[in-house]
Structures are given as structure tokens and as C-alpha cells.
Amino acid sequence: MPRALIIVLDSVGIGGAEDAPAYGDAGADTVGHIAEACATGGGDQPGLRQGPLDLPHMTALGLGLACEASTGRMPPNLAPRGALKGAWGYGVETSKGKDTPSGHWEIAGVPVTFDWGYFPDTIPSFPEKLTAALIERGNLPGILGNKHASGTVVIDEFGAEHMLSGKPIVYTSVDSVLQIAAHEETFGLERLYDLCRIGRKLCDEYKIGRVIARPFLGSPETGFKRTGNRKDFATPPPADTILDTLAKAGRSVVTVGKIADIFAHRATGREIKPNGNDACLSAAIEALKGLPDGGFVFANLVDFDSEFGHRRDIPGYAAALESFDRRIPEIEAALQDGDLVIITADHGNDPSWRGSDHTREHVPILSFGQGVAQEAIGRRESFADIGASVLRHLGVAHGGKGMSWF
């Protein structure tokens with residue numbers, strides 16, 4: 001039986017979303033603006049990268065054509081240079097919101113039709129009832145932050161006071177999240193996780209998608225740095241995803257990166273959670289090599305979003321794209337006859353955009369493998385078409401949303 005691998009390049013949007021104005025994102029275009037910046041020297045950084053954005057393997061898979069179909073513009077240096085190697089198109093998000101759960105759940109066949117809860121951009125941001133309960137149940141002396149903030153900035157702002165007082169840093173953003181940052185050594189990593197579990201229960205009544213643990217290390221003298229021990233405590237999907245469907249069909253499932261957290265560890269099979277894009281991609285490739293017939297690997301590469309999109313780092317984002325592109329031959333070498341790979345994204349995070357939040361965009365859909373036709377699959381009216389296509393490829397009956405392009 002065939003096997004399948006989905007790789008989500010977290011936040012690698014390709015612009016063009018018709019409803020972007022409703023999110024304040026009209027004109028956002030993650031890949032397009034990175035390519036334009038690189039073409040004019042805006043992506044140069046000594047010791048990291050320079051010159052036009054160079055993605056020969058993804059270009060051969062149709063990335064530039066997908067960008068052009070999405071926005072009407074071919075990004076600089078992403079036009080095809082020869083024969084295409086797979087099927088290409090782009091996906092339109094129908095879910096409400098522009099955050100990680102909305103995008104991933106829709107990819108897996110469950111678009112978000114309800115309104116997420118959000119905390120207002122005020123100081124304080126959180127309801128007094130919520131903060132009082134978090135302090136009481138977490139046995140805390142209080143909290144710091146209590147506002148919308150960038151994760152790295154808020155740690156720099158409150159890190160020293162946190163270490164002295166024992167008060168965790170609690171903050172949010174335009175996404176449906178409550179984030180808690182704490183020092184791994186002075187506060188304790190497991191204590192942080194326990195506090196996030198308390199926060200998860202408290203946030204349910206507010207329809208908050210995720211409570212995120214943001215551990216860090218360092219000191220006021222040396223500076224603070226977030227570690228790879230982040231953990232997301234998500235509300236579970238409201239209906240069966242393709243993971244549930246595959247589990248019920250007895251298929252082998254491997255989830256890599258933060259996928260298991262996003263789906264609240266439901267039907268997530270063997271969970272692997274390395275730190276960083278390269279480690280997650282290596283884990284996904286190794287999982288595919290050992291995957292039984294009929295199995296499925298679902299991987300997320302989060303660094304595009306967390307390290308470069310939110311930090312508005314164009315050179316870093318460009319370098320990460322080029323690094324991933326160089327490893328596509330490794331993915332191809334791991335494929336067996338009949339295997340399917342889909343490279344896609346869950347939302348945008350344009351590093352040239354104002355603020356530090358996600359951007360509402362279309363996403364690329366690049367599908368390849370032995371036996372996959374070289375063709376345009378066009379505009380897909382829902383990310384759910386990705387999950388439907390995987391189930392069709394694996395020969396598993398599909399009862400959810402989405403329409404396969406096979």
C-alpha cells in the first residue's frame with residue numbers, strides 16, 4: 001500500500017487571501033515579499049546569506065507558479081527553470097482565525113466554523129476572574145505582563161523581575177492564545193507545564209485555542225533566550241480529523257514537531273518532538289524510511305514562524321527557506337513506489353509586515369512522489385482538500401470535509 005507525508009512549513013504563506021482585509025492583512029505576502037527583498041539586497045546578512053532567494057527544488061515543484069496563481073505576480077527568481085516534478089496549486093483557508101490550530105485542523109479535514117475567543121489589546125488584557133484563579137490554583141505570588149506582547153520582548157522586559165519575584169510572565173497576542181513564560185531553573189520546567197495545564201482549564205470558557213508554555217534560560221547579565229522546551233496545550237478538534245480516521249482504520253501514524261500538541265494528542269500515533277527545523281525534518285525523513293505500508297507522517301517545521309516570521313527577520317527567514325530547499329533531495333531519496341509528499345503551510349507570517357503577528361494568506365500546495373502527475377491542481381477552495389487527498393491516496397474512506405484532487 002502507498003504511504004504519505006505532509007510537511008507543514010509553518011507560516012510560509014503566498015499572499016492573496018480575499019478576506020485578508022478583515023484581518024488587517026490586505027497585501028501581506030510572505031514568500032513574495034521575502035523574494036522581493038532578497039532581489040534588492042534586503043535579504044543579505046554577512047555570514048548567513050546573500051543575493052536573490054534561491055529555491056531551485058521548490059521552484060521545480062511549482063512554488064513560483066503557485067505564488068503567481070495566488071497573487072498574480074511571479075516572485076523574483078522563482079519562475080520555473082525547466083520541467084516540473086510534481087503537482088502544484090494553492091489552498092484557501094475557510095476557517096475563522098489565522099492561527100496554528102485553524103490552519104492545521106483544516107488541513108486535517110476540520111475547518112473552524114466557530115469564533116475563537118481573544119483577549120483585548122488593553123492593559124490588563126486578561127479578565128480579573130481568570131488571573132485570580134490562575135494565581136490561586138498555581139500558588140503564585142502574582143503575575144507579570146498581562147498584556148499583548150512579543151515573546152522575546154516581554155522576556156527581556158520582565159525576565160529579571162520574574163527571577164526575583166517568582167511571578168511568571170503571562171501575555172497574549174492577536175491570536176487565540178494565553179502564553180506563560182518562566183525560567184526553567186528558577187521557576188522550574190515541570191512547574192511551568194503544570195501551570196499551563198491549570199491555564200488550559202481556565203481558558204476553556206473563553207474559547208481560547210492554546211495555552212503555550214514558553215520556557216527560557218539566561219540572566220539579566222547575559223541576556224535571556226527561549227529554549228526548545230515549548231509546549232502547546234490546545235483545545236481538541238471539535239470533530240474527527242484524518243488522524244482519527246487513519247487510527248480507526250488501523251494505519252500507522254507518526255507526528256513530528258508540535259503536531260501532537262496542536263491536535264491535543266488525540267490519534268497522534270508515535271510522537272516525535274525534536275527542536276528546530278533541521279531536527280524535525282530529519283525525524284520526519286527517518287520516520288518515513290521505517291513507516292509501514294499504508295502509514296502516514298505529519299510534520300510541522302515551526303522555526304519559519306517562531307524564529308523568523310514573528311521576529312520580522314527577512315534574512316533569517318530566507319536562509320531557513322533555502323536550508324529546507326537544499327534537503328528536498330533527501331526527502332525524494334526516502335520515497336518508495338507509490339509514496340506521496342505534500343509540502344504546504346498553515347497561514348502566513350510576512351516578515352516585512354507591520355507588527356509581529358500572523359498574516360491571513362493562501363498557502364502553497366506542492367505534491368510529489370513517484371507516480372504523481374506533473375500538473376496544476378489549481379485553486380483549492382479549502383485546506384481540507386489536502387487531508388482528503390491523503391486519505392484518497394492511502395485508500396481510506398473519507399467522510400469529512402474537503403475534495404481530493406486525485
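# Chatting about a predicted model

User: Let's start with Phe119: buried or exposed?
Analyst: Phe119 counts as buried, because its relative accessibility is 6%. Buried stands for under 20% relative accessible area, exposed for over 50% and partly exposed for anything in between, using a 1.4 Å probe and protein chains only.

User: Any ground rules before I go on?
Analyst: This is a predicted model, where local features need pLDDT of at least 70, side-chain atom pairs count only at pLDDT 80 or more, and totals for chains, interfaces and linings use all residues. Residues are numbered from 1 along each chain as its sequence is written, and side-chain values use heavy atoms, leaving out hydrogens and water.

User: Cool. How many aromatic pairs are there?
Analyst: Rings of Phe, Tyr and Trp (its six-membered ring) pair if their centres lie within 6.5 Å; planes under 30 degrees apart are stacked, over 60 edge-to-face, and the rest tilted. That rule gives ten aromatic pairs. One of them is Phe119 with Phe126: the planes stand at 85° with centres 4.8 Å apart, so this pair is edge-to-face. Phe126 is buried too, at 5% relative accessibility.

User: And how do the rings of Phe119 and Tyr206 sit?
Analyst: Their planes are at 50° and their centres 6.3 Å apart, so that pair is tilted. Phe119 is in the loop between α4 (100-107) and α5, while Tyr206 is in the loop between α7 and β6 (210-219), so the pair ties together parts 87 residues apart in sequence. Helices (H or I, at least four residues) and strands (E, at least two) are DSSP runs numbered from the N terminus.

User: You mentioned α5 and α7. At what angle do they cross?
Analyst: Roughly 145°, with the axes of α5 (residues 128-137) and α7 (residues 184-203) coming within 10 Å. Leu130, Ala133, Leu134 and Arg137 of α5 meet Leu195, Ile198, Gly199 and Leu202 of α7. Contact here is heavy atoms within 4.5 Å. Axes are lines fitted to C-alpha atoms, for helices over the stretch in contact, and angles run from 0 to 180 degrees between N-to-C directions.

User: Switching to the sheet: what's the strand order?
Analyst: The open sheet of eight strands runs β10-β9-β11-β1-β12-β13-β2-β14, with mixed pairing. At its edges are β10 (270-272) and β14 (376-380), each with a single partner strand, so one side of each has no neighbour in the sheet. Ignoring direction, neighbouring strands are turned by 15° against each other on average.

User: How many bridges join β2 and β13?
Analyst: Five, in the antiparallel sense, between β2 (residues 87-91) and β13 (residues 363-368); strands pair if DSSP finds at least two bridges between them. Tyr90 stands opposite Pro364 in β13. Helix α3 (residues 63-71) packs on the sheet and touches β2 and β13, its direction making about 35° with that of β2.

User: What about β6, which sense does it pair in with β5?
Analyst: Parallel, over seven bridges, with β5 spanning residues 177-183. Leu178 has Val211 in β6 as its bridge partner. Eight of the ten residues of β6 are buried, so β6 is largely enclosed by the rest of the structure.

User: Last one: how many residues of α14 are buried?
Analyst: Ten of the eleven in α14 (residues 384-394), so that helix is largely enclosed by the rest of the structure. Just after α14, Gly395 has a positive phi of about 75°.
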